[in-house]
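The following report goes through selected features of the model shown here, beginning with its aromatic rings and moving on to strands, sheets and single residues.

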Amino acid sequence: MYKDTQIPLYRILQSLSIEVIFCILMSCPLPCCLSGVTSEGWSMKALPRRAISSSCVAIPCNFDIPSHSYTALHGAWFKYWYRWKYTITYTKDPNYAMAAFVGRAKIIGDLEGKNCSVRIDSLRAEDSDVYYFYVDAEGYTDHTFTKPVQLQVLDVPDKPDIVLPKDLQEGTPAHIICKCLYTCPDNHPNLTWSELSTSSVSNITETGGEVSAVLTFNPSFKHHGRTLRCTCDYPQTNHRVVNSVTLNVKYSPRNTSVRMTLENGKMISLSCSSDGNPAAHNFTWVKISQSKVTNLALAAQTITVPYGFEEEISYCCEATSILSSSQSLPIRIPTEYSPHNTSVRMTLEKGKMISLSCFSDGNPAVHNFTWFKISQGKVTNLALDGQTITVPYGFEEEISYYCEATSILGSSQALPIRFPTEYAPRNTSVRMTLEKGKMISLSCFSDGNPAVHNFTWFKISEGKVTNLALAGQTITVPYGFEEKISYYCEATNILGSSQSLPIRIPTEYAPRNTSVRMTLEKGKMISLSCFSDGNPAVHNFTWFKISEGKVTNLALAGQTITVPYGFEEKISYYCEATNILGSSQSLPIRIPTEYSARNTSVRMTLEKGKMISLSCSSDGNPAVHNFTWFKISQGKVTTLAHAGQTITVPYGFDEEISYYCEATSILGSSQSLPIRIPTEYSPRNTSVRMTLEKGKMISLSCFSDGNPAVHNFTWFKISQGKVMNLALDGQTITVPYGFKEEISYYCEATSILGSSQSQPIRIPTEYSARNTSVRMTLEKGKKISLSCSSDGNPAVHNFTWFKISQGKVTTLAHAGQTITVPYGFDEEISYYCEETSILGSSQSLPIRIPTEYAPRNMSVRMTLEKGKMISLSCFSDGNPAVHNFTWFKISQGKVTNLARDGQTITVPYGFEKEISYYCEATSILGSSQSLPIRIPTEYSPRNTSVRMTLENGKMITLSCSSDGNPAVHNFTWFKISQGKVTNLALAGQTITVPYGFEEEISYYCEATSILGSSQSLPIRVPTEYGAVILPESRCTQYLTNLTCLCLVRTNSSVHITWALPGRTLRQTGSDGIYKTESARVGPLVTNTLTISGSNMAVQTVNCSVVNDRGDRHLQRRLEIQAVGEQAGTRSGLMWKIGLGSVGGAVLLITTAIAIYLITKTFRRTDKRKMRRIRK
């Protein structure tokens, strides 16, 4: 494989530069000394590497050679020492290598590009060593670089390295870096972070044999103490390494609260607790009494206060750390009061016994309970004084109990509590639940004491009642038959039984009660929903539009559609609901248009004390914004000073008084009819209302208007001209119907002021078919379903259909109620039907079949998009549907074809000139154009307002916001103080101002665009609070001077002074010996005192703080700590060691130069030997 050639010692020495020899003699690590070493133009740079066993490593390497011509470059790497027998790879002969490295090592760098990088695969533990690089420039010379490259092979990768910021503080974004070992391109590690809320991970980067990722997050108190893990997975070697750190987040005090503990002698201990990091170091207490707040000048975390007074007293605390402070909610101190809120609670016990407990609130606590029994109106003292007693229950008579709670301050009685009695079942009812497979679950419910123990079920079919022999509380029965079937149940206990009312089982039927509901949406759009009752349920909905008397099928089949509104023309919509049994159409619903106030009316509501509430209602679009009231008395009209929608007026006078209102919107106004205030009068407007019941019965109800109300009703029957008093005096009676003779009924209503009779109402008889009509439903494949409906008594039993085409009538061979016919032809075709009952027949009006038509009802809808763009959509009704849309622009009276044919286009907006767009819809039958729609223009600022944000250091940020098109380009600020307005000459959208003064100061802004300006409402700035001297304040004595630091936290302006024995110093100044300096950063104020001179005999220094008003004074004594001698002693020793080191270095340098000169003479002859070894 290779030749083992010995290299003599002088050969090794001559290859080393003088700098290397010097490093060896100085005993410094060789790789450190070789960094940056060059030898006569030969240089190489390579980085040491740590890699993973069984993986690979790529060692980056770059070299340079002297400027000289050569024919080719070849390179080799040696392990352990630069001998050829230690070759691991050689570019000229890939097989010339140690057996252990054949096929595993390869130079991957471009030697011509001076890149000598090498890769070693399938790493083993024995590969850990130093490696050397050799280069051969054919035609010039060769060279071995004696700078070794260190490779360390690891069995397990190193744990990831997590780099944390110096401080993690709440609210300040933080960046955490995780680094993993990466030297093999085939074993790229997957780096992952454990989940952390409000965080994001940057892209993974590769640098210097490492891969790293940055985790960015916004620290909060929730992250404090959390463990953050970084994981590196190596897929090729199946290694996973994990490292973790615990987050230490600094945050201001929070969740401040006060805990109260009762002590002996009517004293209460109050403790202030708060969560913060660092912890709160100062606690301040405040007392609230009779709405006055008093600072207690108590700074301890726990204080003791008295209690038991009649007045309400509360306390709260403030916890302060070096970051900020937080206040607790006030806690109320208990007062003394007699028992109140006394009540009795009842609990059922075994054996028909009841446990009664008496509860009452009192301070001091209740010490005695007395019990009373109420039976047949008599109250008996039970002579039982415990809080809880036990009594029997279950008698038929009504018995109640109550208690009296007594303390040293008084007593209080509870409301009586009534005992349950025993009774037979009552309030029996049946509840129905739909189950799967056309089954219904019926449940029987009844109230009884003792409870119901048996349930019996009955079925009613065709007038017959059948006992089902089912005794459970719940049974399951089928449904869906055409016949009418009902069920009822009977509940039984030991005292009796009770039956429920029959409940009818649902049958299957075609859709009915079809209706349309309308909901207003944004952008002048209306949502229409179709509702219908059918069993089985409706499966298809069809929509129709009525405009100018024409009906159009919209080809929209959903239950809900959206349509525009606000046009002047009257447009209506209706829907048709279809299930497998038939279909049903709703009545048309009209779409609202824009109009002034109309249909104005007054509604009257009776209030207590002979007062009437009058409400004005009016229909307008846009809505009414103002209401005016008028009074009419003795022919004179008076305007009332009431502008609300509702007013209250008296009633009950003899004279006639009326009121009316006027509703006003931006389009106009409308007056209501006068409404007369009620006076007392006898019954009037008496009438009878008729309701059909089952079994050919009619329910008649008598209605009458009277004040005071009617108290008696009398009924009369008219038959064959004779009037008969029925001797029935209820408001509602039931009578039979269906006879051939004509019978009428009327009623008489009576109050204390008189009586009034209604008009006779005639009872219905049997009649032939009438009100015949045809309903049309669109089917698939250009088919139409026609349904014939008619009113007859008895019901219609036969239907005949007729067709009208070109003026000719043809009888169709269809006899059903519903037929299906084609549509879509050019000719006009109509159909009508004839219904026949046993009493006669009736024909419907002809209904016309729809034809195909060109596009119509064109409109354009506009939607605002981003970047001053507007989306325009073209809508049209045509049969067949529109297949092409063309757009046109109108500007300065000129029309331009935009060459855009989509249904929706996007155009810019915001110009001063008026620009409009319209579209043209085209189908195979023709085309139609929409009305032009105008694009919005620009406007001056509006809705101007100021927002306030608290900053650090007693500063407030004010931001001005305003809506304008184009946008606002200038903001001007004004200050209001003591009623005077000052222009601040500040033009930014956001400014910062101080706060904390006692006087009231407000600010407002003015927003200006090129179209105009707008001012905001003034916003008031908060006032100041007190100062705290922080415990970090200190004094330090050095060799020649004394330095003291006083650290104060406040958001107000303060004065700091220093007091020495016999002398007081100013806040700032200097006299040659004493020097004071003051500075402020946010809420922190620092003042530094420096005293020069080594003969100071000062033991203590006092720091004093006073606010601007002089009514707040704080003082702290600072102890003096001495430092300095130890530092001086150490400095002298290091100087002596340094002088000795310099002497030794000179001797070593001289020796290195001598060795270098000896070895240099052997270099030329040895180069020829190296070439022979290489060959």
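## Aromatic pairs

In this predicted model, the count of aromatic pairs comes to 23. One of them joins F63 and F133 in a tilted arrangement, with 5.4 Å from centre to centre and 50° between the planes. This pair links distant parts of the chain, since F63 belongs to strand β5 (residues 61-64) and F133 to strand β10, 70 residues apart. Both rings come from buried residues: F63 has a relative accessible area of 5%, and for F133 the value is 0%.

F63 also pairs with F145, and because the ring centres are 6.4 Å apart with the planes at 55°, this pair is likewise tilted. As F63 lies in strand β5 and F145 in strand β11 (residues 141-154), the pair ties together parts that are 82 residues apart in sequence. F145 is buried, with a relative accessible area of 5%. Ring pairs link F63, F133 and F145 with W42, W77 and Y140 into a cluster.

## Charges over rings

Two arginine residues place their charged ends over phenylalanine rings. The charged end of R345 sits over the ring of F359, at 4.1 Å from the ring centre, while that of R861 sits over the ring of F875, at 3.8 Å from the centre.

## Strand β6 and its partners

Which residues of strand β6 point one way, and which the other? A72, H74, A76 and F78 point to one side, whereas L73, G75, W77 and K79 point to the other, and all of them are buried. In general, the side chains of a regular strand alternate between the two faces of the sheet. Because eight of the eight residues of β6 (residues 72-79) are buried, the strand is largely enclosed by the rest of the structure.

β6 pairs with strand β10 (residues 129-138) in the antiparallel sense over eight bridges, and within this pairing A72 has E138 as its bridge partner. With strand β7 (residues 87-90), β6 again pairs in the antiparallel sense, here over three bridges, and F78 stands opposite T87.

## A three-stranded open sheet

Strands β37, β38 and β41 form an open sheet in the order β37-β38-β41, with antiparallel pairing. Its edge strands are β37 (423-435) and β41 (474-478), each of which pairs on one side only. Neighbouring strands of the sheet are turned against each other by 25° on average, direction ignored. Nine bridges join β37 to strand β38 (residues 439-449), and the bridge partner of Y423 in β38 is N449.

## Individual residues and their surroundings

S289 lies in strand β23 (residues 282-289) and counts as buried at 15% relative accessibility. Leaving aside neighbours within four places in sequence, S289 is in contact with E311, E312 and I313. S572, found in strand β50 (residues 571-579), is buried as well, with a relative accessible area of 16%. Not counting residues up to four places away in sequence, S572 touches F544, K545, I546, P588, I589 and R590.

Is H539, by contrast, buried or exposed? H539 counts as exposed, because its relative accessibility of 52% is over the 50% cut-off. This residue is found in the loop between β46 (525-535) and β47 (540-547), and H539 touches T578, N579 and I580 when residues up to four places away in sequence are not counted. The C-alpha atoms of H539 and A557, which are 18 residues apart along the chain, are separated by 9.9 Å.

How values were computed. Residues numbered from 1 in each chain as written. Predicted model: local features only at pLDDT ≥ 70, side-chain atom pairs only at ≥ 80, totals over all residues. Heavy atoms only, no water. Buried < 20%, exposed > 50% of the residue type's maximum accessible area, 1.4 Å probe, protein only. Helix = DSSP H or I, 4+ residues; strand = E, 2+ residues; numbered from the N terminus. Pairing = 2+ DSSP bridges. Contact = heavy atoms within 4.5 Å. Axes fitted to C-alpha atoms, helices over the stretch in contact; angles between N-to-C directions. Phe/Tyr/Trp six-rings, centres within 6.5 Å; stacked < 30°, edge-to-face > 60°. Lys NZ or Arg CZ within 6 Å of the ring centre and 35° of its normal.
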